Amino acid sequence: MAASTKAGLKENPAMSFVMLTDSQVVPPHATGIGEDESRSNSRSRKSNGTAEEIPEGEKPKLSQQIESTTRLFEILSARSDIDHPICTECTDLLLSQLQSRLSSATKERDTYITFAKSLNTTAPTTTDLAKAQKSLTEARAADAKAFSELVALEKEKATVDAEIASLEAESLALDAEEQDFWRSRNAFALTLSEFQNERDALNAAYDHDAQQLERLQRTNVYNDCFCISHDGHFGTINGLRLGRLPPPQNVDWPEINAAL
């Protein structure tokens, strides 16, 4: 039982306990009655050689006290994890743990007392309170001013945001207009290039036709059919010479006839 009690104390050292002495387990007068009876019995054994029984009137009192004590132990055991009564060793262990807790609580109390004394010694004076109140008022005024400035800045920001949104919409419209312009410009450039190519083709055809016309205008049918020229002292028709000179520059009659 002592081992189980120690384990219970280690698990929950704050559990309540009751240590009963022998005088509490058995009432003093009951013990006295037992001792008197034992003395009387020993005397009777010495004198008579027979044992005398406990008087009938004392039995109910003793049983009632034992029953009350047992009930008290049961109640205490039911309210904790420790089976009562506990032994002296477990009681000493529990007392040492409670003593350590008491010491810790005492140190904590002393710390709080020291802190309270320091607070009392460093309590602010009326002048300090007035300065603190003035600083608080100034801080609240500065806070209110900053808040008003913040509200004004937020309104300005909202206005700027609206203007930025309008400018962005205008920028998008301009971008779309620029895209349309470049599309129309590219289409115009393509059409212009086609017209220029067609113009260049027409100009080339015109130049060719003009040159052909000029060549045709300079053409003489008689000159093409009968090319009259000269070769030295001789006249020529289509490269055939005409005329006669003294030998050896004479022209044969077949050539003269062919030229004619």
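The paragraphs below go through salt bridges in this predicted model and the accessibility of the residues that form them.

Side chains of opposite charge can pair when their charged atoms come close. The structure holds five salt bridges, and three of the pairs are described here, among them one between Asp 161 and Lys 157.

That pair lies in helix α6, which covers residues 126-218. Asp 161 and Lys 157 are four residues apart in this helix, so about one helical turn separates them. Their side chains meet with an N to O distance of 3.0 Å. Lys 157 has a relative accessibility of 52%, and because the exposed class begins over 50%, Lys 157 counts as exposed. Asp 161, with a relative accessible area of 35%, is partly exposed.

Another salt bridge joins the side chains of Arg 109 and Asp 110, again described by an N to O distance, here 3.0 Å. Arg 109 is partly exposed at 47% relative accessibility. Asp 110 is also partly exposed, at 35%.

Arg 199 and Asp 200 form a further salt bridge, in which the closest N and O atoms are 3.2 Å apart. The relative accessibility of Arg 199 is 46%, so this residue counts as partly exposed. For Asp 200 the value is 40%, which likewise means partly exposed.

Terms used. Residues are numbered from 1 along each chain as its sequence is written. This is a predicted model: local features need pLDDT of at least 70, side-chain atom pairs count only at pLDDT 80 or more; totals for chains, interfaces and linings use all residues. Side-chain values use heavy atoms; hydrogens and water are left out. A salt bridge is a side-chain nitrogen of Lys or Arg within 4 Å of a carboxyl oxygen of Asp or Glu. Buried means under 20% relative accessible area, exposed over 50%, partly exposed in between (1.4 Å probe, protein chains only). Helices (H or I, at least four residues) and strands (E, at least two) are DSSP runs, numbered from the N terminus.
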